[in-house]
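Thank you all for making the time this morning. I would like to take you through one structure, and I would ask you to keep it open beside you while I talk.

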Amino acid sequence: MSAKKKILVVDDEPSITRLLKMNLEDTEQYLVQVENKAERVFDTARQFQPDLILLDVMMPGGDGGELASRLQEHPAFRSVPIVFLTAAVTKEEVSSHKGQIGGLPFLAKPVDMPEVLGCIQQQLGA
Amino acid sequence: MKTEFLFAERVRSQQALEHSEERYKRLLEATTDYIYTVEVENGELGANFHDPGCEAVTGFTPAEFAADPELWYHIIHEEDRAAVLRQVRRILEGELPPSLEHRIINKQRQVRWVQNTPIPRRDALGNLIGYDGLISDITQRKRIEAELETERLLLRTLIDNVPDCIFVKDGESRFVLNNRAHLKMLGAADPHEAVGKTDTQYFPKELASQYRADEEALLRSGEPLQNREEPVVDPQGHRYWFLTTKVPLKDAQGKVVGLAGICHDITERKDAAERLQRAYSRLANRERALKRILRQLKASHRELKETQLQLIQAAKLESLGTLAAGVAHEVKNPLQIITMGLEHLARKLPQEDDQLALTFRDVRDAVKRANSIIKEMLALSAATDFHVESEDLNTVIDRSLWLLNSELSTAHVRVQREFAPDLPRVPMDRAKIEQVMINLVVNATQAMEKNGAITLRTRQVTAGREAAAADPLVRSFKEGENLALVEVQDNGSGIPDPLLPRIFDPFFTTKPVGVGTGLGLSVVKKIIDLHGGAIEVKNTPGAGAVARLVLRTQRKEAQA
């Protein structure tokens, strides 16, 4: 059994981050750190060193898309996959773009766990 | 008594004398000729004698002539004396000169014209012994001649100075007289050059024969030809238009012996009329062009208005869209929480509890329903992204059917297509019309039991009074507009009549709870409105319901 993959979940809504953390950690495959403040994402990420980031697109205090670009430009996180979580588009729109918007994978809220896990596994190449 | 008789006798004699003198005087006045005799002695003029007629002509009596042997010479007008003397000399030289017309001044100092005809008289040896002469008073004739000459000159001046062409022709249409303008037109230098010639020698054959035919008719009938507008090409090749009048000339017996013609040059007027006509037709062309432009402008205006309406509609939908997107975002996060929460709870709670499992399923379904309502709301408001292109409506419908393939076969629905093969293209947002067709076909499918049948029809309709009378759906379109009609007919149970007016209201549905969102037909209506089309849903007399929609087709000129 390899070490648990570390996932950073960023969303301004604590209930969502808490439930995602619980459901992901219940699988015993992931170690999850949550962040509800967009402006603290860099600090938290530097400290936690995630293998993947689940990022809400629309948050007060920071645009998810812009945050993603900055993370990808940073040498420390360049290779860390980012998966967007968004309430702004429908599943149909996501699927019509083959799951990607702006070159990054997307999950449209409301999303269930099998979908989330499928996407994470795909991104981590597991 | 005797005295009375004598008196009466004297009175009678007196009266007779007066009567005789009166008669003589009248005879004298009537006399216009008299004879004179001149004696010649040794080649010289001798005595001259004048018969009593001389008084009537000269005012001098024979006695006065006898008393003054040179009176005859003195009464000759000074300017004519030389001519008279020449005549006398010729007689003396043995010639027989012709009559001489000259003037005399009579006793009343009036100028009289006389004709003097001398005849030599010779003796048996042939020697000239005198001559007799006849003097005729020709004053009257001379005056008439002068008047005629004046009149002739006046006429000639007139006809030569009017700008119109004037000519006289004989019975064979040969020129007898041409005025200056006519000669100039004919190109004749000499006033007599044209005399005896005909039109054939001056004008193109066709024109000359026409003139000749007209003149023959005139000479035959004696009827004048008045104000005939005729073309003329002169010998130099210049073209004119003449207004010609020809009148017959008759002799004393009334027989037509020729004709006189007058031609007024109306070339300028004709040209002006032609220019006017050309200007008028140019004007008419421009007017037509303007009308065409006006029509195009009106059409553009109509299109602009339609576009404006669509924009207003789009703006309304945009604000609705903003609202819907906001609502969607706010609702999706709670839905996310419920979904995640359910999954967490499902793992933590006893698995064997059927009641719990059912509750979980109900909540999960509720989330799905809430999510699909959000989805429809977004569709309803996502009209701002409106891409119109010219599409083949039949193809669009076919693609919608293809997308629904699995739903249709699951429901065992038979689809019958009755498409018009030559349907003009329709300007539309393809994705939105596809959504319309999907919603209508899904509605039809859900309205039927298994093994239902859906009939899809397309047809071309031209808007107008007749079409509107037959089909109220096309009433709102303008006369002559080309439309495409689509019908989606099912054979279900139809829609209860009282519910029909509410069929397009948002969140209104006839479907069982959980099956429909109540937004499907609202979305359809919005999309059709956005396209400037019309839609209705009604029950068909047999069974089932039919959704009917019309869209404007591409204009004919834009098709190519």
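I will go through the packing, then one charged residue, then the salt bridges and the rings, and finally a few points on the backbone.

Please bear in mind throughout that this is a predicted model.

Let me begin with the nonpolar packing. In general, nonpolar side chains in soluble globular proteins tend to be buried together. Here the largest nonpolar core holds 40 residues, and the members that touch the most others are B:Leu393, B:Ile454, B:Leu456 and B:Val488. Among the elements of chain B that each supply at least two residues of this core are helix H11 (393-403), helix H13 (430-446), strand E14 (453-462) and strand E15 (482-490). The element that gives the most is H13(B), which contributes six residues. If you centre your view on B:Leu393 and set aside its neighbours within four places in sequence, you will find it in contact with B:Leu423, B:Val426, B:Met428, B:Ile433, B:Ala484, B:Val486 and B:Leu551. Apart from this core lies another, made up of 23 residues, including B:Cys165, B:Phe175, B:Met185 and B:Val233.

Now to the charged residue that I wanted to single out, B:Glu230, which sits in strand E8 of chain B, residues 225-233. Which side chain of opposite charge is nearest to B:Glu230, and how far away is it? It is B:Arg228, at 4.4 Å, and B:Glu230 is buried yet has no salt bridge. The cut-off matters at this step: a salt bridge needs the side-chain nitrogen within 4 Å of the carboxyl oxygen, so a pair at a greater distance is not counted. What the side chain of B:Glu230 does make is a polar contact, at 2.8 Å, with the side chain of B:Thr244. Not counting residues up to four places away in sequence, B:Glu230 touches B:Thr244 along with B:Tyr211, B:Asp214, B:Tyr240, B:Trp241 and B:Phe242.

One of those neighbours, B:Tyr211, brings us to the aromatic rings. B:Tyr211 is buried, with a relative accessible area of 5%, and B:Phe203 is buried as well, at 9%. The ring centres of B:Phe203 and B:Tyr211 are 5.5 Å apart and the planes stand at 90°, so this pair is edge-to-face. Another edge-to-face pair is formed by B:Trp72 and B:Tyr73, with 5.8 Å from centre to centre and 75° between the planes. In that pair B:Trp72 is partly exposed at 21% relative accessibility, and B:Tyr73 is partly exposed at 25%. Elsewhere, ring pairs link B:Phe167, B:Phe175 and B:Tyr202 into a cluster, and over all chains the count comes to nine aromatic pairs.

Turning to the salt bridges, a search of the whole structure finds 45 of them over all chains. I will begin with B:Arg457 and B:Glu418, whose side chains meet at 3.1 Å, N to O. B:Arg457 lies in strand E14 of chain B and B:Glu418 in strand E12, so this salt bridge ties together parts that are 39 residues apart in sequence. B:Arg457 is partly exposed, with a relative accessible area of 25%, and B:Glu418 is likewise partly exposed, at 34%. Both belong to a network of salt bridges that also links B:Asp471, B:Glu487, B:Glu536, B:Lys538 and B:Arg548. Within that network, the side chains of B:Lys538 and B:Glu536 meet at 3.8 Å, N to O.

Another salt bridge, between B:Arg430 and B:Glu434, has an N to O distance of 3.1 Å. These two residues both lie in helix H13 of chain B, four residues apart, which is about one turn of the helix. B:Arg430 is partly exposed at 28% relative accessibility, whereas B:Glu434 is buried at 7%.

Finally, a few words on the backbone. As a rule, most residues other than glycine have a negative phi, and most peptide bonds are trans. In chain A, the peptide bond from A:Lys109 to A:Pro110 is cis, with omega near -5°, and A:Pro110 lies in the loop between strand E8 (104-108) and helix H5 (113-124). A:Gln49 has a positive phi, near 55°, and lies in the loop between helix H2 (41-48) and strand E3 (52-56) of chain A. In chain B, B:His412 has a positive phi of about 55°, and is found in the loop between helix H12 (405-410) and E12.

Technical notes. Residues numbered from 1 in each chain as written. Chains lettered and ligands numbered in written order. Predicted model: local features only at pLDDT ≥ 70, side-chain atom pairs only at ≥ 80, totals over all residues. Heavy atoms only, no water. Buried < 20%, exposed > 50% of the residue type's maximum accessible area, 1.4 Å probe, protein only. Lys, Arg positive; Asp, Glu negative; His and termini not counted. Polar contact = N/O pair within 3.5 Å; in protein donor to acceptor, adjacent residues only side chain to side chain. Contact = heavy atoms within 4.5 Å. Core = buried A, V, L, I, M, F, W, Y, C linked by side-chain atoms within 4.5 Å. Phe/Tyr/Trp six-rings, centres within 6.5 Å; stacked < 30°, edge-to-face > 60°.
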